[in-house]
Amino acid sequence: MKVRKIPQRKCVACQEMKPKKELIRIVRTPEGDIQIDLTGKKAGRGAYLCGKVSCFKLAKKSKAFERALKVPVAAEIYDRLEADFIKVEDEFLAKKELEPDDDDE
Ligand SMILES: [Zn+2]
């Protein structure tokens, strides 16, 4: 029996390895904007975070995005991302339940 390999990524906050679809991608776009990328396909340097606000708060506290994205991240950006994160969390969880495994890597 063949076992399909599930792509794993590490959460930048809690450092746990998880299947990609359990994680939310934060992307630094080529324009230098930092945003949440629910599609996982936007261009730019990405950082992965568990799809839960507790990990976002941990990332904020430990400045994990600075390290992962290799740019300074202002407190306002964390605040904006946190608001967005809370908004997309429900959408993200709902989507996860609907979608079959479609890992494309
Ligand atoms: Zn995490």
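## A guided tour, from arginine 25 outwards

Select arginine 25 first: in strand β4, the bridge partner of this residue is aspartate 37. The model on the screen is a predicted one. Keep arginine 25 selected and look towards strand β5, where tyrosine 48 stands opposite arginine 25.

**The strands around β3**

Next, select residues 23-28, which form strand β3. Is this strand largely enclosed, or open? Five of its six residues are buried, so the rest of the structure largely encloses β3. A residue is called buried here if 20 or more other C-beta atoms lie within 10 Å of its own C-beta atom.

Add residues 45-50, strand β5, to the selection; β3 and β5 pair in the antiparallel sense, over six bridges. Then add residues 34-37, strand β4, which is also paired with β3 in the antiparallel sense, over four bridges. Follow the chain from β3 to β4: the two strands form a hairpin, with five residues between them. Stop in the turn at glycine 32, which has a positive phi of about 90°.

**Helix α1**

Move on to residues 53-62, helix α1, and show the side chains of Cys55, Phe56 and Ala59, the buried residues of this helix. Because these residues cover an arc of only 105° around the axis, they lie on the same side of α1. Which residues are exposed on the other side of α1? Ser54 and Lys61 are exposed there.

Now display what covers the buried residues of α1: the cover includes strand β5, helix α2 (64-69) and helix α3 (75-98). Just after α1, select lysine 63, whose phi is positive, near 55°.

**The whole chain**

Finally, show the complete protein and colour it by secondary structure. It contains three helices and five strands, and their order along the sequence is β-β-β-β-β-α-α-α. The radius of gyration is 14 Å, close to the 13 Å that the globule rule gives for 105 residues, so the protein is as compact as a globular protein of that length. Along the principal axes, the C-alpha trace spans about 50 × 25 × 25 Å. Of the 105 residues, 23% are buried. Among contacts between residues at least 6 apart in sequence, 53% join residues at least 24 apart.

As a last selection, take residues 9-82, where an unreviewed UniProt entry places the feature "domain: YlxR". Over this range the chain is 32% helix and 28% strand, and the end C-alpha atoms are 21 Å apart.

Key. Residues are numbered from 1 along each chain as its sequence is written. This is a predicted model: local features need pLDDT of at least 70, side-chain atom pairs count only at pLDDT 80 or more; totals for chains, interfaces and linings use all residues. A residue is buried if 20 or more other C-beta atoms lie within 10 Å of its own, exposed if 12 or fewer, and partly exposed in between; C-beta atoms are placed from the backbone. Two strands pair if DSSP finds at least two bridges between them. UniProt positions are given in the numbering used here, feature names are shortened, and annotations may be inferred rather than shown by experiment. The arc is that of the directions from the helix axis to the C-beta atoms. Two residues are in contact if their C-beta atoms, placed from the backbone, lie within 7 Å. The radius of gyration is taken over C-alpha atoms; the globule rule is 2.2 Å times the number of residues to the power 0.38.
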